[in-house]
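Colleague: I have a new structure to look at. Can you walk me through it?

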Amino acid sequence: VGYDLTTPALVVDDGAFRHNLDTMTAALPGGKLRPHVKAHKCTAIARRQYVNGHRSFTCATLREVEVMADRGLGDDLLLANEVLGARRLDRLVDAGSRITLVVDSPETVAAAAASAVREVLIDVRVGLMRCGVEPGEAGGLADLARSRGLEVRGVMGYEGQLMLVADRDERRRATESAMAGLLAAAADVGGDLVSGGGTGTYAENTWVDEVQAGSYALMDTAYAGLGLPFRQALFVLGTVISVSRTWAVADVGLKALGMDHGLPAIDGAEVVFCSDEHVTFTPADRRFAVGDHVLVHPAHVDPTVALHERMHLVDGARVLETWPVDMRGW
Ligand SMILES: Cc1ncc(COP(=O)(O)O)c(C=O)c1O
């Protein structure tokens, strides 16, 4: 029996998904994991993580915070990204959600102070060319935040440049040196929370109090290369729409796949390239016919999910549940 889905369709393998959630919960139970929702943008998945014992979450956008809080998942939401429009969250704070912002400038401190949000973390740069203050500047920014009436819970530092370092020992060594800066900043800042890490360093980063991993729930081919104990749970289901003597074409193109980590993969085939609505692949040890379904493994989970309105939880070709990707947008 084939899939009864219009393609391209985002599908989640139930067995792999459960394995991933349970494996991570066993490694980092309860508050040791602050799951990042940006990887799945789906409150149905966040609720599964909540049921597994994780009550605090990481978000990347105001919209993610809003939707999580509106769905009753607002026990402790960290918006791990600089925002100037924090006042959008006032109604949620007033209604009882606990929201923490990160700040790395006087401007983001002022934006937080002007909102109903009372709690912040100082975002510290730990090697990624992105947000954060230098470790030596963290204490001064914490003083400024406190002078503006904010409570500083501690620090966060995301070592994103290390997530895909292939060698585990090298990843651990580099994480240790990145975290030395974060811990020095934490000593200056005060508070009791040190937040950081991700799927690539969840086992190596033993310096943070909580790990902000997100991709582990669904996985992608970039992370699969690290030999982590998580399984590929996310696929884009496609239909073969054309075949030649040497290649086949399915209806999963750039508009259905995040491609910043490279080409997707298809079991039993070599992917040649993608265009807007097509993936062209050369069958290796398998024959493909027009009308066949193919499972395309994305190279990067987050931007792939963000392109889809819904995802389907499947057991083989059987659809168990359909979940809206309800945290899409900004
Ligand atoms: C601030 C922050 N924390 C954590 C992560 C880790 O996410 P993942 O586990 O998906 O690598 C990310 C991903 O980009 C991030 O931006």
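Modeller: We can go through the ligand and then the cysteines.

Modeller: This is a predicted model, where local features need pLDDT of at least 70, side-chain atom pairs count only at pLDDT 80 or more, and totals for chains, interfaces and linings use all residues. Residues are numbered from 1 along each chain as its sequence is written, and side-chain values use heavy atoms, with hydrogens and water left out.

Colleague: How many residues surround the ligand?

Modeller: The ligand is surrounded by 14 residues, counting those with a heavy atom within 4 Å of it. The closest are Thr199, Gln212, Gly214, Ser215 and Tyr223.

Colleague: And what is the shell by class?

Modeller: Five residues are nonpolar, seven polar and two charged. Ala, Val, Leu, Ile, Met, Phe, Trp, Tyr, Cys and Pro count as nonpolar, Asp, Glu, Lys and Arg as charged, and the others, Gly among them, as polar.

Colleague: Which ligand atom is 2.4 Å from the side chain of serine 215?

Modeller: An oxygen atom of the ligand, paired with an N or O atom of that side chain. For glutamine 212, a ligand nitrogen atom is 2.6 Å from a side-chain N or O atom.

Colleague: Changing topic, how many disulfides are there?

Modeller: Zero, taking a disulfide as a pair of cysteine sulfur atoms within 2.5 Å. For cysteine 42, the nearest cysteine sulfur is that of cysteine 59, 13 Å away.

Colleague: Is cysteine 42 buried or exposed?

Modeller: Cysteine 42 counts as buried because its relative accessibility is 0%; buried means under 20% relative accessible area, with a 1.4 Å probe and protein chains only.

Conventions:
Polar contact = N/O pair within 3.5 Å; in protein donor to acceptor, adjacent residues only side chain to side chain. Buried < 20%, exposed > 50% of the residue type's maximum accessible area, 1.4 Å probe, protein only.
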